[in-house]
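Please load the structure below in a viewer and keep the selection tool at hand. The stops are given in the order in which to select them.

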Amino acid sequence: VSGEWGLGILGGQAYATMNDLRAAPETLDFAGPAGIWQTRQPLLRLTKSLADGMITEVSIETPENVSYTNAEKRTRWPDLAAAGTWLIGGEYLKHLRLAGLARDLRAEGANGSTDSALGWAVTGSAKLGLPFLDARDSFKFALHYGDGYGTQIKGGPKEAAFDAGNLDLETIGIFGTYGGIQHFWSDRFRSNLVYGHVNADNPGFVKGNTLDNTQYVATDLIWNPYKTVTLGAEYLWGRRENKDGE
């Protein structure tokens, strides 16, 4: 839904507002790199176009996509997300985006006790042009940081862990980043080099086999023999390290 005031309303199943699709690197692996905001989920989003290429977005999104260690989810309020995008369109700087997320995390432990915690995240992303290589070449990247949003990203930890001793729900802190360079060899051939990383700050009481960090690398060669046909080959490498070092 849109109108003459530059307003848009989206309701239904869509990529989460925290996901900057303009800064998503290209991979043949549909899931994309570790750290990328991966969820498509029910949401209601309001978009407003401003002057000078500015776009603002505010949304409420399902609270159901959570997972805890030693606890069952007990959802209450929807997630709240907001983002601002500046479509610069320059030779070197194409666009910038900032987004934030707030979540009401609530869980019930094995003994029936409940506790809640605040989940939150901030992320910045951008697309840069690389005209010194080719006018079509680009570098896309994003960084994010926060607590309690692990299942929203690829290769992330759970949202939180329940401490049965203190009857507390402790969120798991996250730092994540991903990015990719795209180079056009010709009108029909291009390649991507993509990297992703997630690091989890786990509470001290969780088990040693709990995820600590993940890394991801992809490189490919893509061919368009015709405009509507895409063929390619891609090499993928990944690594997961647990809290105990395995």
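The tour goes from the whole chain to its pockets and then to single residues.

**Whole chain**

Start with everything shown as a cartoon, bearing in mind that this is a predicted model. The cartoon should show 15 strands and zero helices. The radius of gyration is 20 Å, close to the 18 Å that the globule rule gives for 246 residues, so the protein is as compact as a globular protein of that length. Turn the C-alpha trace along its principal axes, and the box it fills is roughly 60 × 50 × 30 Å.

Switch to a surface next. The accessible area comes to about 12600 Å², and carbon and sulfur atoms hold 58% of that area. Of the 246 residues, 43% count as buried. Taking contacts between residues at least 6 apart in sequence, 62% join residues at least 24 apart.

**Largest pocket**

Select Tyr15, Phe30, Ala31, Gly32 and Ile36; of the 16 residues that line the largest pocket, these are the closest to its centre. The volume here is about 310 Å³. Colour the lining by class and it divides into nine nonpolar, four polar and three charged residues.

**Second largest pocket**

Move on to the second largest pocket, which has about 200 Å³ of space. Asn19, Leu21, Arg22, Glu57 and Arg97 are the closest to its centre, out of 14 lining residues. Three strands each supply at least two residues of this lining: β1 (7-15), β2 (40-49) and β3 (54-61). By class, the lining of the second largest pocket has five nonpolar, four polar and five charged residues.

**Tryptophan 37**

Select tryptophan 37, in the loop between β1 and β2. Is tryptophan 37 buried or exposed? Its relative accessible area is 1%, under the 20% cut-off, so tryptophan 37 counts as buried. Show the neighbours of tryptophan 37 that are more than four places away in sequence: Met18, Asn19, Leu101, Ala121, Thr123, His144, Tyr149, Gln152, Ile153 and Tyr178 touch it. One of these contacts, Asn19, was also selected at the second largest pocket. For a distance to draw, take the C-alpha atoms of tryptophan 37 and leucine 105: the two residues are 68 apart along the chain, and the atoms are separated by 18 Å.

**Isoleucine 88**

Go to the loop between β6 (79-87) and β7 (93-109), where isoleucine 88 sits. Its relative accessible area is 29%, which makes isoleucine 88 partly exposed. Leaving out residues up to four places away in sequence, isoleucine 88 touches Leu93, Lys94, His95 and Leu96. A line from the C-alpha atom of isoleucine 88 to that of threonine 151, 63 residues apart along the chain, spans 31 Å.

**Two positive phi angles**

Which residue lies in the loop between β4 (68-69) and β5 (71-73)? Select asparagine 70 there. Asparagine 70 is not a glycine, yet its phi is positive, at about 70°. With 49% relative accessibility, asparagine 70 counts as partly exposed.

Finish at leucine 167, in the loop between β10 (160-163) and β11 (168-171). Leucine 167 has a positive phi near 55°, again in a residue other than glycine. The relative accessibility of leucine 167 is 36%, so it counts as partly exposed.

How values were computed:
Residues numbered from 1 in each chain as written. Predicted model: local features only at pLDDT ≥ 70, side-chain atom pairs only at ≥ 80, totals over all residues. Heavy atoms only, no water. 1 Å grid on protein atoms, 1.4 Å probe; cavity = no way out; pocket = protein on both sides within 12 Å on 5 of 7 lines; lining within 4 Å. Points joined across faces, edges and corners; volume = space filled by probe spheres on them. Nonpolar A, V, L, I, M, F, W, Y, C, P; charged D, E, K, R; others polar. Helix = DSSP H or I, 4+ residues; strand = E, 2+ residues; numbered from the N terminus. Buried < 20%, exposed > 50% of the residue type's maximum accessible area, 1.4 Å probe, protein only. Contact = heavy atoms within 4.5 Å. Rg over C-alpha atoms; globule rule 2.2 N^0.38 Å. Areas by Shrake-Rupley, 256 points an atom, 1.4 Å probe, with all protein chains shown as cover.
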